[in-house]
Amino acid sequence: MNGQQLNIWNNLDPIKSSDSNPEKIISSDGEVLYYQNFFKLQESNAFLDQLLNNTNWKQEYIKIFGKQQAIPRLTAWYGDEGKDYKYSGILQHPEPWSDVLKIIKLKVESVVANTFNSVLLNLYRNGSDGVAWHSDDEPELGLNPVIASVSFGGIRKFSLKHKSNPKNKIDLELQHGSLLIMGGNTQHNWIHQVAKTKKKVSPRVNLTFRTIY
């Protein structure tokens, strides 16, 4: 990709997807596409069980005002050898792809004209776990990264907000087995979050497939 702006919804093969009617969420100052039922229910249940129980989950810490604080979720980083990734001061070294991650990756790649070499996994154990407003704009992701986000488990609200017009805000309830694709210049113009909630929610596993350069 290396600086080329990829029009993600002109490079789809809906025949290979369980959901042939993706929704365009953002088409201005970025490109965001959403498949609500990308994976079938039986697939999603099996993947969730495998990921919950066979992922090397870690509790990472960040320094805030000089104090170490646990980030409110568990994480894991898998990918090709040498594809390190640093965010929020946390340096991740990839673990080798598992069979289940390879299967999920291949299906995601079947509808996006992009090859991913790494994936960040997040485990939101309950409503007290979340991730604050941010953009995925680290240098190693390239100029206009394509990021494919897969969700399994409990339904959580995912929000997008325009950087120069905060009133332009979009909320999505990411479903079990869904796929959200962010491409083009989305990371330049938008931030996103998974807010904490007091509602009782089931554990959610989120996978964000990325290409590290």
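Which residues of α1 are buried? In this predicted model, they are S44, F47, L48 and L51. These residues cover an arc of only 105° around the axis, so they sit on the same side of α1. Go round to the other side of the helix and you'll find Q42, N53 and N54, which are exposed.

What do the buried residues of α1 pack against? Their partners are α2, β8, β10 and β15. As for the helix itself, its 14 residues should span 20 Å at 1.5 Å a residue, and the end C-alpha atoms are indeed 20 Å apart, so the two values agree.

Now hop over to α2, which takes in residues 99-109. Buried here are V100, L101, I104, K105, K107, V108 and E109, so the list includes lysines and a glutamate as well. The buried residues of α2 pack against α1, and also against the strands β5 (74-79), β8 (118-124), β10 (147-153), β13 (178-183) and β15 (204-210). Looking back at α1, its buried residues pack against β8, β10 and β15 too.

Last stop: E60, in the loop that runs between α1 (41-54) and β3 (61-64). Is E60 buried or exposed? Its relative accessibility is 16%, and since buried means under 20%, E60 counts as buried. Leaving aside residues up to four places away in sequence, E60 touches Q69, A70, I71, T75, I90 and Q92. For a sense of distance, try N114: it lies 54 residues from E60 along the chain, and the C-alpha atoms of the two are separated by 29 Å.

Methods:
Residues are numbered from 1 along each chain as its sequence is written. This is a predicted model: local features need pLDDT of at least 70, side-chain atom pairs count only at pLDDT 80 or more; totals for chains, interfaces and linings use all residues. Side-chain values use heavy atoms; hydrogens and water are left out. Helices (H or I, at least four residues) and strands (E, at least two) are DSSP runs, numbered from the N terminus. Buried means under 20% relative accessible area, exposed over 50%, partly exposed in between (1.4 Å probe, protein chains only). Contact means heavy atoms within 4.5 Å. The expected span of a helix is 1.5 Å times one less than its number of residues. The arc is that of the directions from the helix axis to the C-beta atoms.
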